[in-house]
Amino acid sequence: LSNLAPTTLANISTRLKVGLGDNVLIGGFIVGGSAPKRVLLRALGPSLGLPGGLADPTLELHSANALLASNNDWQTDQKEEIVATGIPPANAKESAIVATLDPGAYTAIVNGAGGGTGLALVEVYDLDQTSDSELANISTRGLVGTGDNVLIGGFIILGEDSAKAVIRALGPSLPLSGALANPTLELYNGNGMVIASNDDWRTDQLFAISATGLQPTNDAEAAIVSTLPPGSYTAIVRGADNTTGLALVEVYHLTD
């Protein structure tokens, strides 16, 4: 996939109901480029102001093969560094990690302390947008429910030029028990307007999606390809006909 390139992002985020076992919130991201990237990760729950918010989220940062850092209650570790970012969590029960990461793939995992469950938000902030690296190619896996308990992924496109992106919602192709059989996908702009939607990727933009080389492997999965001006965007994954199960949402940036 030589046409893949990092998207310049101010921050990436995902909101989801955190469950137990495989049903935790797992957010993936790539640091692209040639230089280390300083980031802030946050796991929020009680400050979201939502019914059923996760009372005490915990946060782990993993590389491909190792646990790099973990936190439960952000004031217990790196308090001064986190405060210095200007965006510490609003609730002492929430979690945060500041880290400088070499280019590569990383995963943030949010659980509930003591086996707690509920809605949570995981975020990754770019603390050094002047470095020769960027956050890129985000993905999040979790349990898609109904109502407020859907999978919501957010990203921001920075810069002066529009960016061509592919957004995918995967379910049946995941090698997981309880995978979502038929995910649907909606893309919203920063004004809360739906700018694209899809259920079953072959039904819309078949040739445009196939041309990217990133078409889903299962016909029931969803995808959108779009050229997006700088701004904030939200991708929402639901189950068709209010079905539930594990799903993955991904955002890729494409270059010509």
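The legends below describe close-up views of a predicted model.

Because this is a predicted model, local features are given only where pLDDT is at least 70 and side-chain atom pairs count only at pLDDT 80 or more, while totals for chains, interfaces and linings use all residues. Residues are numbered from 1 along each chain as its sequence is written, and side-chain values use heavy atoms, with hydrogens and water left out.

**View 1. An open antiparallel sheet of eight strands.** The strands of this sheet follow the order 6-3-8-1-10-15-12-13 with antiparallel pairing, where strands are DSSP runs of E of at least two residues and helices are runs of H or I of at least four residues, both numbered from the N terminus. Two strands are taken to pair if DSSP finds at least two bridges between them. Strand 6 (95-101) and strand 13 (194-199) form the edges, each of them pairing on one side only. From one strand to the next the twist averages 15 degrees, with axes being lines fitted to C-alpha atoms and angles running from 0 to 180 degrees between N-to-C directions.

**View 2. Strand 3 and its two partners in the sheet.** Strand 3 (residues 37-44) is joined to strand 8 by six bridges in the antiparallel sense, and A43 stands opposite V122 of strand 8. Strand 3 also runs antiparallel to strand 6, to which seven bridges join it, and here R38 stands opposite T100 of strand 6. Seven of the eight residues of strand 3 are buried, so that the strand is mostly covered; buried means under 20% relative accessible area, exposed over 50% and partly exposed in between, for a 1.4 Å probe and protein chains only.

**View 3. I87 in the loop between helix 1 and strand 6.** This loop holds I87, which is partly exposed with a relative accessible area of 26%. Apart from neighbours within four places in sequence, I87 is in contact with L40, R42 and Y125, a contact being heavy atoms within 4.5 Å. The C-alpha atoms of I87 and R42 lie 9.3 Å apart, although 45 residues separate the two in sequence.

**View 4. Two residues with positive phi in the loop between strand 5 and helix 1.** Most residues other than glycine have a negative phi, and most peptide bonds are trans. In the loop between strand 5 (67-72) and helix 1 (79-84), D73 has a phi near 75 degrees, a positive value in a residue other than glycine. Q78 is found in the loop between strand 5 and helix 1 as well, and has a positive phi of about 55 degrees without being a glycine. D73 counts as buried because its relative accessibility is 17%, whereas Q78 counts as partly exposed because its relative accessibility is 28%.

**View 5. The surroundings of I209 in helix 2.** I209 belongs to helix 2 (residues 206-212) and counts as buried because its relative accessible area is 0%. When neighbours within four places in sequence are left aside, the residues in contact with I209 are W201, D204, L214, Q215, P216, A223, I224 and V225. The C-alpha atoms of I209 and I167 are separated by 9.8 Å, and the two residues are 42 apart along the chain.

**View 6. The largest cavity and its lining.** On a 1 Å grid over the protein atoms alone, a cavity is a set of points where a 1.4 Å probe fits but cannot get out, and lining residues have an atom within 4 Å of a point. Grid points are joined across faces, edges and corners, and a volume is the space filled by probe spheres set on the points. Three cavities of 30 Å³ or more are counted by this rule, and the largest contains about 90 Å³ of space. Its lining has 13 residues, of which I12, T14, G27, G28 and T140 lie nearest the centre of the cavity. Strand 1 (11-18), strand 2 (25-33), strand 8 (118-126) and strand 9 (133-144) each supply at least two residues of this lining. By type, the lining divides into six nonpolar, seven polar and no charged residues, where Ala, Val, Leu, Ile, Met, Phe, Trp, Tyr, Cys and Pro count as nonpolar, Asp, Glu, Lys and Arg as charged, and the others, Gly among them, as polar.

**View 7. The second largest cavity.** This cavity has a volume of about 50 Å³, and its lining residues include T14, I138, F155, A235 and E250. Strand 9, strand 10 (151-157) and strand 16 (245-254) each contribute at least two residues to the lining, which divides into five nonpolar, five polar and one charged.

Technical notes
1 Å grid on protein atoms, 1.4 Å probe; cavity = no way out; pocket = protein on both sides within 12 Å on 5 of 7 lines; lining within 4 Å.
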